[in-house]
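Visitor: I should like to take a close look at a single part of this structure. Please treat that part together with the elements that surround it.

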Amino acid sequence: MPQTLSKKHIVVFGRPGSGKSSLADRLSERFGFRLVRTGELLRQAVRRRDAIGLRVEASLKAGALVPDALIFALLEQSLGGRDNVNLLFDGFPRTMGQVALLEKFESTLAFAIDAYLDIEVSRAEAVRRMSGRRVCPRCGATYHVVNQPPRVAETCDHDGARLESRPDDDPAVIDERQRVYEEHAGPILAYYRDRMPGKFYVINGEQPVDAVFSDTCRALGPAGLDG
Ligand code: ADP
């Protein structure tokens, strides 16, 4: 029987390499959150080579952000017409424009974010972790060859797909992604810290993954059982 948390709509922030996506995977597995992962939606569009994919491919490779209007279109497809309970946003909002988009989705789709998590990791540690990262092309689960290896080398634990490195995990692009994160994240985090102090949680992401997970669960409130 899946466990539930008192918090049902969550946003996870953290620089590239902070471990936020692995944390999101684990929260989703344990508590049944539906992951809304803009980076993964964009990579899927690139793989499909559809209109959005063709427009964003170069930005992704360069580590640059894609325009807010495209993020809006992707999220509208992903959220619209569904039962949006237990959502976990990973990689969104990433600009102040997207902060406004999230507020718009909250009012039009009738849900409310009840926790904003900031997974804090230094730039040096994040860069170190990013070399060795692997991702499942089918379900988006992330691994690390040393820190979080799959059960069978280079193979996804969930669906058996062969794992891939992301083209934007190239060393030069890693630096650019860190720079872009630092440029945009400051104002966004300050915005939520100031306006929603009771919903804003800083988690020390430099601890072992189990400690990051248990600190997060504590922040998200008492777990109960469904049903
Ligand atoms: P990371 O956080 O490790 O960079 P993501 O998978 O979240 O990984 O994002 C990968 C890339 O996708 C980003 O570098 C950016 O180019 C693009 N991207 C993802 N989410 C957004 C967003 N909300 N707005 C603009 N660009 C985005």
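In which loop is proline 93 found, and how do the neighbouring strands and helices fit together?

Guide: The model is a predicted one. Proline 93 lies in the loop that runs between S4 and H5. A cis peptide bond, with omega of about 0 degrees, joins phenylalanine 92 to proline 93. Most residues other than glycine have a negative phi, and most peptide bonds are trans.

The strand that leads into this loop is S4, residues 87-90. Both of its faces are covered, with Leu87 and Phe89 buried on one side and Leu88 and Asp90 buried on the other. In a regular strand the side chains alternate between the two faces of the sheet.

S4 belongs to an open sheet of 5 strands, ordered S3-S4-S2-S5-S8 and paired in parallel. S3 and strand S8 (200-204) stand at the edges with a single partner strand each, so one side of each has no neighbour in the sheet. From one strand to the next, the twist averages 25 degrees. Helix H1 (residues 20-31) packs on this sheet, where it touches strand S2 (9-14), S3, S4 and strand S5 (115-120). The direction of H1 makes about 155 degrees with that of S3.

On one side, S4 pairs with S3 in the parallel sense over 4 bridges, and leucine 35 stands opposite leucine 88 of S4. S4 also pairs with S2, again in the parallel sense and over 4 bridges. There, leucine 87 in S4 is the bridge partner of histidine 9.

Histidine 9 has its place in strand S2 and is buried, with a relative accessible area of 9%. Leaving aside residues up to four places away in sequence, histidine 9 touches Asn84, Val85, Asn86, Leu87, Phe111, Ala112, Ile113, Asp114 and Ala115.

One of these contacts, asparagine 86, lies in the loop between H4 and S4. Its phi is positive, near 60 degrees, although asparagine 86 is a residue other than glycine. With a relative accessibility of 16%, asparagine 86 counts as buried.

Before that loop comes helix H4, residues 68-79. At 1.5 Å a residue, its 12 residues should span 16 Å, and the end C-alpha atoms are 16 Å apart, in agreement with that expectation. Its buried residues are Leu70, Ile71, Phe72, Leu74, Leu75, Ser78 and Leu79. S4 is among the elements that cover them, as are strand S3 (34-37), helix H2 (38-48), helix H3 (51-62) and helix H5 (96-109). Just after H4, glycine 81 takes a positive phi of about 65 degrees.

H3, which helps to cover the buried residues of H4, has buried residues of its own: Ile52, Gly53, Val56, Ser59 and Leu60. Viewed down the axis of H3, these fall within an arc of 130 degrees, so they line one face of the helix. The face turned away from the buried side carries the exposed residues Arg55 and Ala58. An α-helix has 3.6 residues a turn, so residues three or four places apart point the same way. H2 and H4 are among the elements that cover the buried residues of H3. Glycine 63 follows H3 and has a positive phi, near 80 degrees.

The loop between H2 and H3 holds arginine 49. Arginine 49 is not a glycine, yet its phi is positive, about 55 degrees. Its relative accessibility of 47% makes arginine 49 partly exposed.

Further along the sheet, S5 contains tyrosine 116, which pairs with tyrosine 192 in helix H7 (residues 171-195), 76 residues apart in the chain. Their rings are stacked, at 4.1 Å centre to centre with 20 degrees between the planes. Tyrosine 116 and tyrosine 192 are both buried. The rings of tyrosine 191 and tyrosine 192 have centres 5.3 Å apart and planes at 85 degrees, so this pair is edge-to-face. Ring pairs link Phe13, Tyr116, Tyr191 and Tyr192 into a cluster.

Methods. Residues are numbered from 1 along each chain as its sequence is written. This is a predicted model: local features need pLDDT of at least 70, side-chain atom pairs count only at pLDDT 80 or more; totals for chains, interfaces and linings use all residues. Side-chain values use heavy atoms; hydrogens and water are left out. Helices (H or I, at least four residues) and strands (E, at least two) are DSSP runs, numbered from the N terminus. The expected span of a helix is 1.5 Å times one less than its number of residues. Buried means under 20% relative accessible area, exposed over 50%, partly exposed in between (1.4 Å probe, protein chains only). Contact means heavy atoms within 4.5 Å. The arc is that of the directions from the helix axis to the C-beta atoms. Two strands pair if DSSP finds at least two bridges between them. Axes are lines fitted to C-alpha atoms, for helices over the stretch in contact, and angles run from 0 to 180 degrees between N-to-C directions. Rings of Phe, Tyr and Trp (its six-membered ring) pair if their centres lie within 6.5 Å; planes under 30 degrees apart count as stacked, over 60 as edge-to-face and the rest as tilted.
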